[in-house]
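Q: How does one read strand pairing in a model such as this one? Please take me through some cases.
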Amino acid sequence: MADPLKSRGRGDLLWFFMLLGTLCETAAQIRYSVREELDKGSFVGNISKDLGLEPRELVQRGVRIVSRGRTQLFSLNPRSGSLVTAGRVDREELCAQSAPCLLSFNVLIENKMKIYGVEVEIIDINDNFPRFRDEELKVKVSENAAAGTRLVLPFARDADVGVNSLQSYQLSSNLHFSLDVKSGPDGQKYPELVLEQPLDREKEATHNLLLTALDGGDPVHSSTTLIHVTVLDANDNAPRFSRSEYRVSVPENIPVGTQLLTLTATDADEGINGKVTYSFRNEEDKIAETFQLDSYLGEISTVHSLDYEETGFYLMEVVAQDGGALLASAKVLVTVQDVNDNAPEVILTSLTSSVSEDCLPGTIIALFSVHDGDSGKNGEVSCSIPGNLPFKLEKSVDNYYHLVTTRSLDREETSEYNITVTVIDGGAPPLSTENHISLKVADINDNPPAFSHDSYSISIPENNLRGVSIFSVTAYDQDSGDFAQVTYSLAEYTFQEAPVSSYVSINSDTGVLYALQSFDYEQIRELKLLVTARDSGSPPLSTNVSVSLFVTDQNDNIPEILYPALPTDGSTGVELAPRSAEAGYLVTKVVAVDRDSGQNAWLSYRLLKASEPGLFTVGLHTGEVRTARALLDRDVLKQSLVVVVQDHGQPPLSASVTLTVAVADSIPDVLADLGSINTSSDPQDSDITLYLVVAVATVSCVFLAFVIVLLALRLRRWHMSRLLQSSRDRLASMPNSHFVGMDGVQAFLQTYSHEVSLTTDSRKSHLIFPQPNYADRLINEESCEKSEPLLIADKMDANKEDPGDVQQAPPNTDWRFSQAQRPGTSGSQNGDETGTWPNNQFDTEMLQAMILASASEAADGSSTLGGGAGTMGLSARYGPQFTLQHVPDYRQNVYIPGSNATLTNAAGKRDGKTPAGGNGNKKKSGKKEKK
């Protein structure tokens, strides 16, 4: 049993030492020491050995020095594995008077993400001489100064520390002064000049002394300053400060120009010997740059901002000197209080930008360090992150922290984390710094589309437009990329013997529902839909949601009056009211319904019109017609009421009904008097009747005026027909030489002033020839001799019976009309006596009518110009609608017998009309003649 127990004890001891070694490895601090002012690359320590690595592993493992913003003073030698200087190291520049001088930095092993602290002590050497501020110093002393009088001398400063710093002073030999050295509370040695024997200015006015400062180095370094002592005349009272030492404490954030304190020194002497001035003595450059002393008031104020992190206190000496050169000195200690004016700083060393959502807890995300430039409690920092994140902070060596995961991540819950690292110090008020770390989480397809609601209830007003947008359903997929693309569809089923897709459709991309038909609330009040949302995964995931579509009522039905119903035989229903009825008597009740619902079916009744206002009232909501007062004997028997029924829709719709109320004591009285009931006339009805009478009278007057004008026109036409008859008689007696043949038609060519009157009654149209204007012939005598004999009136009947016997001669190209003989429009040429066409438009139109009349009579076989009295035969050809605009222009279609010239109507040819020898009428005239 003993052996197993010993083995177990040795195992426990081994585990204890292994754990202790691990702790020591984590918290171990590597220390080195090196002298200042060594050359670059000087050996400091074997860092690879202390880290337990081979020299070649420094590069392989990514070993590097990590420091906070300062200049790197040391570097790693990868070949030897040692820590060497990166440049000249000056202890006085780094640590000033502080001893010991320690420099700290960290060494990072990148592949393990481990940090080791390294501390290097800089050893001082005697490389600085003691130094006085001024090479010469002037000192004044009164001749009556007593033996033992002390004069403060400037002290020297040595930047070295320890034995290499300032150790002693020496004064050159003389008879009147000796040297005394005192040590201050800060360890500084202050020399004083002591008067050993009385002075006599008359014997020796000045004394030159040499003060030497020595350090303790090997070899010893020294420096000197020359002191000029001036002996003044009698001034036996020196200034005196109220205190030998002044202390003041101020915060570092006071504004520039703030007055810190006021020094007070008094002198018992009078005059110039009692006037005191103040000045700094032996002040450092930094004191002169930071503070200002008023030489007359003794006020000390700042000329530069204070910084506790740079200097924690200032020690200065103030001298008060009177006019007799007597001096007094006082110490002033200004202590700078630390203010929390530096925010913590976060330095990110290493970072992972993305991580899978199925990563294990404890995965390292980032490595960073924190630092605060303040001291004491103001420099104490704490680091934290929001507690609702799946991360935590683990402290590493020094001020380094690890950011690690605490559980698995879910991208659908959070696709990207913005981790805010907050660092806060212990100041009052505390200052903080935030650093944001962005971390993305990779996705997998594990979520189906989801609607924002379990079901939807929507409404649409009836009578909607086809294709109008009803509603939009939206489903969201928490996945990303293609897995988040959602399409929509409607589940198909039958509603009222029709597929639901005939009522509503859905946009597969946007989820917008559209109405495919106009809904009617009275037919469809609710429609159930099932919308399916499906993603683009493989296999796709889908989700269904129920949509209830409610059709809301609109005010599209007017009220329907059930009672009193309109009689089918055209009679008017009559309600009875006895003359003995009192006020409030129920005469009848109007009953109406509305097919709409809700407010649209809420009906109200009002009396629109009554033959006797104020006699009846109508209930607003009941429709009851009651008497408003008692019936009187003067009230007429028959009362007419118009009741309007109106709903409360927007806009409101209404219907009206007319009630006839008969006022009588008994029913037999009503039946006897119904035939003689006459309702009182309405003023509006009287006005309408007046308007109708005026309108009928106006129309009658207009009609009478029209009849008178028509009779006047008929009388004028009758007169014109008589004139035409007399003209026809005159034409029969004219000689044949005054006629020429035109396509087998004899026409009278002697020009007359004539007038044609045509009306709708062509039988009374007439042509008047009052008197000849001038008698010209179309052709001269020579042309007549060479041409064939002119057609006479006796031959016209033969031409009518055989139109083919008379043929038109071929045209002769040598024959030409003169310019004056060519037909033209009226006013184209002046009238003369050369036998030209008439140039008057009225004459020309009359000639056209005459030629037309002659052609018509010739076609009818008559030798006269007309078939009846004053008709000219035009009514049979052109009917009652004939006007002068239908008369063709025969001037441009004239054949002259015995000549080769033919005047052809160019417009007739252009229109496709061929002129006929015996029928000079238009086709339109022929058609009307057939009719």
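A: Let us start with two strands: E45 pairs with strand E49 (residues 624-627) in the antiparallel sense, over three bridges. Keep in mind that the model is predicted.

Q: Which residue of E49 stands opposite Lys589?

A: Glu624 of E49 stands opposite Lys589.

Q: In what order do the strands of the open sheet with E45, E49 and E48 lie?

A: The order is E45-E49-E48, and the pairing of these three strands is antiparallel. Strand E45 (586-589) and strand E48 (616-618) each have a single partner strand and stand at the edges, so one side of each has no neighbour in the sheet. Ignoring direction, neighbouring strands of this sheet are turned by 20 degrees against each other on average.

Q: Now a hairpin. How many residues lie between E30 and E31?

A: Six residues lie between E30 and E31 in their hairpin. Strand E31 spans residues 432-441, and nine bridges join E30 to E31, the two running antiparallel. As an example of one pair, Asn418 has Ser438 in E31 as its bridge partner.

Q: Which other strand can I look at beside E30, and in what sense does that strand pair?

A: Look at strand E27 (residues 381-384): E27 pairs with strand E30 (residues 416-425) in the antiparallel sense, over four bridges. Here Ser382 stands opposite Ile424 in E30. E30 thus has bridges to E27 and also to E31.

Q: Is the pairing of strand E1 with E7 parallel or antiparallel?

A: Strand E1 (residues 29-35) and E7 pair in the parallel sense, over seven bridges. Within this pair, Arg31 stands opposite Glu119 in E7.

Q: In which sense do E6 and E7 run, and how many bridges join them?

A: Strand E6 (residues 101-109) runs antiparallel to E7, and nine bridges join the two. Cys101 has Ile122 in E7 as its bridge partner. E7 therefore serves as a case with both senses of pairing: parallel with E1 and antiparallel with E6.

Q: What should I note about the turn between E6 and E7?

A: E6 and E7 form a hairpin with four residues between them. One residue in the turn, Met113, has a positive phi of about 55 degrees.

Q: Is strand E7 mostly covered or mostly open, counting its buried residues?

A: Strand E7 (residues 114-123) is mostly covered, with seven of its ten residues buried. Buried here stands for under 20% relative accessible area.

Methods:
Residues are numbered from 1 along each chain as its sequence is written. This is a predicted model: local features need pLDDT of at least 70, side-chain atom pairs count only at pLDDT 80 or more; totals for chains, interfaces and linings use all residues. Side-chain values use heavy atoms; hydrogens and water are left out. Two strands pair if DSSP finds at least two bridges between them. Axes are lines fitted to C-alpha atoms, for helices over the stretch in contact, and angles run from 0 to 180 degrees between N-to-C directions. Buried means under 20% relative accessible area, exposed over 50%, partly exposed in between (1.4 Å probe, protein chains only).
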